[in-house]
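Reader: Please take me through this model with care, beginning with how far it can be trusted and then turning to its sheets, its core and a few individual residues.

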Amino acid sequence: MADTSRRDLLVAGSAAAAAAIMTDTPPAAAQAGPAPIFAVPATTIPIAGEQGVFPVRRIYCIGRNYAAHAIERGSDPNREPPFFFQKPTDAIQNVAVGEVADHPYPSLTKNYHHEVELVAALKSGGTNIPVDSALDHVYGYALGLDMTRRDLQNGMAAEKKPWEIGKSFDHAAVIGPIHPVSKVGHFTKGAISLAVNGTVRQNSDLTKMIWSVAEQIAKLSEAFELKAGDIIYSGTPENVGPVVKGDVLLCKLEGLPDMSIKIV
Ligand code: MN
């Protein structure tokens, strides 16, 4: 194939891809034009009591959202605005109710930490969402673990480099099934805890979050256009700490079923 025609094909392919993004509707396979050369699996989360599953678009996480955890991580909870990071969508590890799911100890770290968190799952979004209407965008809630390679996170932070490698890796976003707001309501209070091998390590209440889920949605939507399928890990309380192979973690959130994993 001559270089010219090859370039023409590439340009045509880019235009088709751009059109697909603009219209935001039918899957590529349903459209005329270039087809994907292989399939990439979609990431979904089961929904309690529903046949359908929740498709994940983006995973956002808020940092240092409980005062006591902010202090243990070295910041002043009274002065600092909320900050966010993302995990890759396919970092999701689904954990069924009643299961103790095997969770692989990741590579590179010698200080692997648990962070138990409430997760909000969005059915819609927007930009500059007011706090007053922010919860209207929440489809449901789940119990989650923002697993963290703490030594790598701290090492990168010390060098003022992005701490992606400490937070964004395979299986780093552990989550239970999503429970629709229509059945469980909104979570603005309630006990949240994590035990390792039967010993409680983290134990707090959602009322101690510095920024509520509604405020998190409002703040996030100033920086990003939120959309259906986005999920938000809403921060962890104090007493994060290390786990090792063989440890069994039990997460509890008042109003939702427990979630459990075993580090393998
Ligand atoms: Mn976290």
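The questions and answers below follow that order.

Reader: Which residues have a pLDDT below 50?

Author: This is a predicted model, in which local features need pLDDT of at least 70 and side-chain atom pairs count only at pLDDT 80 or more, while totals for chains, interfaces and linings use all residues. Residues are numbered from 1 along each chain as its sequence is written. The chain averages a pLDDT (the predictor's confidence in each residue, from 0 to 100) of 90, and 88% of the residues score at least 70. The stretch with pLDDT below 50, which has six contacts beyond near neighbours in sequence (a contact means C-beta atoms, placed from the backbone, within 7 Å), is residues 1-23.

Reader: Which strands stand at the edges of the open sheet of three strands?

Author: Helices (H or I, at least four residues) and strands (E, at least two) are DSSP runs numbered from the N terminus, and two strands pair if DSSP finds at least two bridges between them. The three-stranded sheet has the order 10-7-16 with antiparallel pairing, and two bridges join strand 7 (residues 112-114) to strand 10, where Tyr-112 stands opposite Arg-149. Because each has a single partner strand, one side is left without a neighbour in the sheet for strand 10 (148-149) and strand 16 (241-243).

Reader: In the open sheet of five strands, by how many degrees are neighbouring strands turned against each other on average?

Author: This sheet has the order 6-18-17-13-14 with mixed pairing, and its edge strands, each pairing on one side only, are strand 6 (100-103) and strand 14 (199-205). Five bridges join strand 13 (residues 191-196) to the antiparallel strand 17 (residues 248-253), and the bridge partner of Ile-192 in strand 17 is Leu-253. With axes as lines fitted to C-alpha atoms and angles running from 0 to 180 degrees between N-to-C directions, the average turn between neighbouring strands, direction ignored, is 20°.

Reader: Which strand gives the largest share of the largest nonpolar core?

Author: A nonpolar core is a set of buried Ala, Val, Leu, Ile, Met, Phe, Trp, Tyr and Cys residues joined through C-beta atoms within 7 Å; a residue is buried if 20 or more other C-beta atoms lie within 10 Å of its own, exposed if 12 or fewer, and partly exposed in between, with C-beta atoms placed from the backbone. Of the 54 residues in the largest core, Val-119, Ala-120 and Ala-121 touch the most other members. Leaving aside neighbours within four places in sequence, the contacts of Ala-120 include Val-138, Val-213 and Ile-231. The largest share of the core, six residues, comes from strand 8.

Reader: Is Lys-245 buried or exposed?

Author: Lys-245 lies in the loop between strand 16 and strand 17, and beyond residues up to four places away in sequence it touches Tyr-105, Ile-263 and Val-264. Its C-alpha atom is 7.8 Å from that of Lys-262, 17 residues apart in sequence. Because Lys-245 has 11 C-beta neighbours inside 10 Å, it counts as exposed.

Reader: How many other C-beta atoms lie within 10 Å of Ile-263?

Author: Ile-263 belongs to strand 18 (residues 259-263), and its contacts, leaving aside neighbours within four places in sequence, include His-103, Tyr-105 and Lys-245. The C-alpha atoms of Ile-263 and Pro-106 are separated by 9.6 Å, although these residues are 157 apart along the chain. Ile-263 is partly exposed, because the number of other C-beta atoms within 10 Å is 19.

Key. Contact = placed C-beta atoms within 7 Å.
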